[in-house]
Amino acid sequence: MGKSAHRNIAIKEDMTIYNAAAQKHMLLEALSGCEELDLDLSQVSEMDTAGFQVLLLTKREATQASKTMRLTAHSKAVTELLDLYNMASYFGDPLVIPANE
């Protein structure tokens, strides 16, 4: 795959220990092929510490390579975990909270 300036990826499965290895590989490969990576996490219904670590690793690798990684949409499971770990500001992306919550 050639290098592009920008890439969007939607994670559609849970970000748990069961998917972490495959998601880590996929996200690091995607990051290596672009300068800006946007992750849509709106469809993630469950996230555990392993899934969080994958996001943390991807963000760290992007920062070290002077690239941008953004979370463009957050499911309730993602916002709850970011809140639990007090890490929303680390990722620096705006959290949109639906009016019905």
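The paragraphs below lead through a predicted model of one protein chain, from its overall layout to single residues.

The protein chain contains four helices and three strands, and from the N terminus on these elements follow one another in the order β-α-β-α-β-α-α. Confidence in the prediction averages a pLDDT of 90 over the protein chain, with 88% of the residues scoring at least 70. Among the elements, helix 1 has the highest confidence, at 97, while helix 4 has the lowest, at a mean of 84. Of the 101 residues, 40% count as buried, and when contacts with a separation of 6 or more are considered, 74% of them are between residues 24 or more positions apart.

The strands are a convenient place to begin. Strand 1, made of residues 4-10, pairs with strand 2 in the parallel sense, and six bridges hold this pairing; within it, serine 4 stands opposite cysteine 34 of strand 2. Between these two strands the chain passes through helix 1, and the resulting β-α-β crossover is right-handed. Strand 2, residues 34-41, is in turn joined by six bridges to strand 3, residues 68-74, and this pair also runs parallel. Here leucine 39 is the residue that stands opposite leucine 71 in strand 3. To get from strand 2 to strand 3 the chain goes through helix 2, residues 49-64, in a β-α-β crossover that is right-handed.

Within strand 1 lies alanine 5, which is exposed because its relative accessible area is 54%, over the 50% cut-off. Once neighbours within four places in sequence are left aside, the contacts of alanine 5 are with Cys34, Glu35 and Glu36. Alanine 5 can also be set beside lysine 67, which is 62 residues away along the chain, although the C-alpha atoms of the two are separated by 9.8 Å.

Helix 2 can be followed from its start to the loop after it. At its start, a side-chain oxygen of aspartate 48 comes to within 3.0 Å of the backbone nitrogen of alanine 50. The length of helix 2 can be checked by simple arithmetic: its 16 residues, at 1.5 Å a residue, should span 22 Å, and since its end C-alpha atoms are 22 Å apart, the expectation and the model agree. The buried residues of helix 2 are Ala50, Gly51, Phe52, Val54, Leu55, Leu57, Thr58, Lys59 and Ala62. An α-helix has 3.6 residues a turn, so residues three or four places apart point the same way. The cover over the buried residues of helix 2 includes helix 1 (20-32), strand 2, strand 3, helix 3 (76-84) and helix 4 (88-91).

Which residues does leucine 56 contact, leaving aside its neighbours within four places in sequence? Leucine 56, which belongs to helix 2, is in contact with Met87, Tyr90 and Phe91. One of these partners, tyrosine 90, is 34 residues from leucine 56 in sequence, and the C-alpha atoms of the two are 9.1 Å apart in space. Leucine 56 is nevertheless partly exposed, because its relative accessible area of 26% falls between the 20% and 50% cut-offs.

Helix 3 also has a buried set, consisting of Ala77, Val78, Thr79, Leu81 and Leu82. These buried residues of helix 3 pack against strand 2, helix 2, strand 3 and helix 4.

Two loop residues deserve a separate look for their backbone angles. Just after helix 2, serine 66 takes a positive phi of about 55°, although serine 66 is not a glycine. Its place is in the loop between helix 2 and strand 3, and serine 66 counts as exposed because its relative accessible area, 66%, is over 50%. The other residue is asparagine 86, which lies just after helix 3, in the loop between helix 3 and helix 4. The phi of asparagine 86 is near 55°, again a positive value in a residue other than glycine, and with 65% relative accessibility asparagine 86 counts as exposed.

How values were computed. Residues numbered from 1 in each chain as written. Predicted model: local features only at pLDDT ≥ 70, side-chain atom pairs only at ≥ 80, totals over all residues. Heavy atoms only, no water. Pairing = 2+ DSSP bridges. Right-handed = clockwise from strand over helix to strand, strands pointing away. Expected span 1.5 Å × (residues − 1). Buried < 20%, exposed > 50% of the residue type's maximum accessible area, 1.4 Å probe, protein only. Contact = heavy atoms within 4.5 Å. Polar contact = N/O pair within 3.5 Å; in protein donor to acceptor, adjacent residues only side chain to side chain. pLDDT = per-residue confidence, 0-100.
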